[in-house]
Structure formats: C-alpha cells, structure tokens
Amino acid sequence: MLNWIKFLFLFLLALGFTITIVVFYQAEKPFATSENRAKEAILANNVLEKVDKMDHFHGKTSWITVYGTDKNNHEKIIFVEEKTTKILKAVSIKDGITKRKAKDIIQKEENVEKVLNASLGLENDTPFWEVSYLDNEDFLHYAYLNFADGKWLKRISKL
C-alpha cells in the first residue's frame, strides 16, 4: 500500500510539473510570434541592421518597442504596431533621455520607495518613459516623462 501512495504522489507531482511547463510555454507563444513578426518587418524594410532588444507596451494600442542599430551604426528605437507590424515611429537613442535618467528624475521629484519599471511608450506620436514606482506608503504610481527632454507629461497616483 505504501508503494502505491509513493507512486501516486510522484505521478501527481510529475503531472503538475508537466502541466505548469505547458501552460507557461503556451502563454509565452503569442509574445514570441509578435516579436518575430516585428523583427522580420524591421529587417525587411531596412530600418535596422541589427535588433538588440524588444519590449511590449500596451497603451491605447499595443506595440513593440524595438532597440537596435541602423546601417550607419546609430542606435535607434523603433515603435512597431503589434497587430499590423506597421512602423509607427523611429527615434535615435541620443535624441532622448536614458532609462536611468528617467528613473533619476522620478526619484528626485517624488517620494519614491522603490522604482519598479521604466519602459518606452508612444502616445500621440510622442515617445515617453512610463516609470512605475511605489511610495513609502506602498501606493503604486505611474509617471510619464517626455523622452526628448524628461518633462512630465502626466501622472497616475495612488493606485
């Protein structure tokens, strides 16, 4: 009887582990597919020579922010609409503030306990940094800083 209990326990453990792996794989598949389509569109249109990194951003529409270098070896950021792979905007990294600078602006001007994330977004043809952070009371805040100059665009506070 004890052997059956051990067998059943190990079988259920292995089954749970297998189901977890399959679920995570299936959940990641749409992101990988849209990233591959965006990368193919950018390389096919000769917008970039090399793609270094990609991030997803969900605002009024969903898009993929693609970081890479062009044929002149200039670092660029390309915003690609996720569904249509239409290139929305291309900006040079040197024409804006860095992720570190965006985080520093938030920490200097706000009561920040911990910066959670900073990611590039695009709204009304204006690139911006969306910085999420917690204050000392553990409220969640979002700050939107203009990519070009670091000026505040909007805030969402105490969520």
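Which residue takes a positive phi in the hairpin of β2 and β3? In the predicted model described here, that residue is asparagine 73, whose phi is near 65°. The hairpin has five residues between its strands. The strands on either side of this turn belong to an open sheet of four, which is described before the second sheet, the helix that lies across the second sheet, and the largest pocket.

The sheet that contains this hairpin is ordered β1-β2-β3-β4, and its pairing is antiparallel. Strands β1 (50-58) and β4 occupy the edges; each has a single partner strand, so one side of each is left without a neighbour in the sheet. On average, neighbouring strands of this sheet are turned by 20° against each other, direction ignored. Strand β2 covers residues 62-69, and seven bridges join β2 to β3 (residues 75-81) in the antiparallel sense. Two of the residue pairs along this ladder can be named. Valine 66 has isoleucine 78 in β3 as its bridge partner, while isoleucine 64 is partnered by valine 80, also in β3.

Valine 80 serves in turn as a link to the next strand: its bridge partner in β4 is isoleucine 87. Isoleucine 64 in its pairing with valine 80, and valine 80 in its pairing with isoleucine 87, thus trace a path through β3 to the edge strand β4. The pairing of β3 with β4 (residues 87-92) is antiparallel and comprises five bridges. These two strands also form a hairpin with five residues between them, in which threonine 85 adopts a positive phi near 55°.

At the end of strand β2 (residues 62-69) is threonine 69. Is this residue buried or exposed? With a relative accessible area of 13%, threonine 69 is buried, because this value is under the 20% limit that defines the buried class. Leaving aside residues up to four places away in sequence, threonine 69 touches Leu48, Glu49, Lys50, Asp52, His74 and Glu75. Of these contacts, Lys50 and Asp52 fall within the range of the edge strand β1 (50-58), and Glu75 falls within β3 (residues 75-81).

The second open sheet also has four strands, in the order β5-β6-β7-β8, with antiparallel pairing. Its edges are formed by β5 (114-123) and β8 (152-156); each has a single partner strand, so one side of each lacks a neighbour in the sheet. From one strand to the next, the twist averages 20°. Strands β6 (residues 126-134) and β7 (residues 140-146) pair through seven antiparallel bridges, and tyrosine 133 stands opposite histidine 141 in β7. Four bridges join β7 to β8, again in the antiparallel sense, with tyrosine 144 partnered by lysine 154 in β8. Helix α2 (residues 99-109) lies across β5, β6, β7 and β8 and runs at about 50° to β6.

Positive phi values recur in the connections of this second sheet. Most residues other than glycine have a negative phi. Asparagine 124, in the loop between β5 and β6, has a positive phi near 55°. This asparagine 124 is exposed, with a relative accessible area of 63%. Aspartate 138, in the loop between β6 and β7, has a positive phi of about 65° although it is not a glycine; aspartate 138 is likewise exposed, at a relative accessible area of 58%. In the hairpin of β7 and β8, which has five residues between the strands, the positive phi of about 80° belongs to glycine 150 in the turn.

The largest pocket holds about 150 Å³ of space. Its lining consists of Lys60, Thr61, Trp63, Glu81, Leu88, Leu122, Glu123, Asn124 and Asp125. By class, three of the lining residues are nonpolar, two are polar and four are charged. The lining draws on both sheets: Trp63 lies within the range of β2 (residues 62-69), Glu81 within that of β3 (residues 75-81), and Leu88 within that of β4 (residues 87-92), whereas Leu122 and Glu123 fall within β5 (114-123). Asn124, a further member of the lining, is the exposed loop residue with the positive phi near 55°.

Notes. Residues are numbered from 1 along each chain as its sequence is written. This is a predicted model: local features need pLDDT of at least 70, side-chain atom pairs count only at pLDDT 80 or more; totals for chains, interfaces and linings use all residues. Side-chain values use heavy atoms; hydrogens and water are left out. Buried means under 20% relative accessible area, exposed over 50%, partly exposed in between (1.4 Å probe, protein chains only). Contact means heavy atoms within 4.5 Å. Two strands pair if DSSP finds at least two bridges between them. Axes are lines fitted to C-alpha atoms, for helices over the stretch in contact, and angles run from 0 to 180 degrees between N-to-C directions. On a 1 Å grid over the protein atoms alone, a cavity is a set of points where a 1.4 Å probe fits but cannot get out, and a pocket is an open set with protein on both sides within 12 Å along at least five of seven lines; lining residues have an atom within 4 Å of a point. Grid points are joined across faces, edges and corners, and a volume is the space filled by probe spheres set on the points. Ala, Val, Leu, Ile, Met, Phe, Trp, Tyr, Cys and Pro count as nonpolar, Asp, Glu, Lys and Arg as charged, and the others, Gly among them, as polar.
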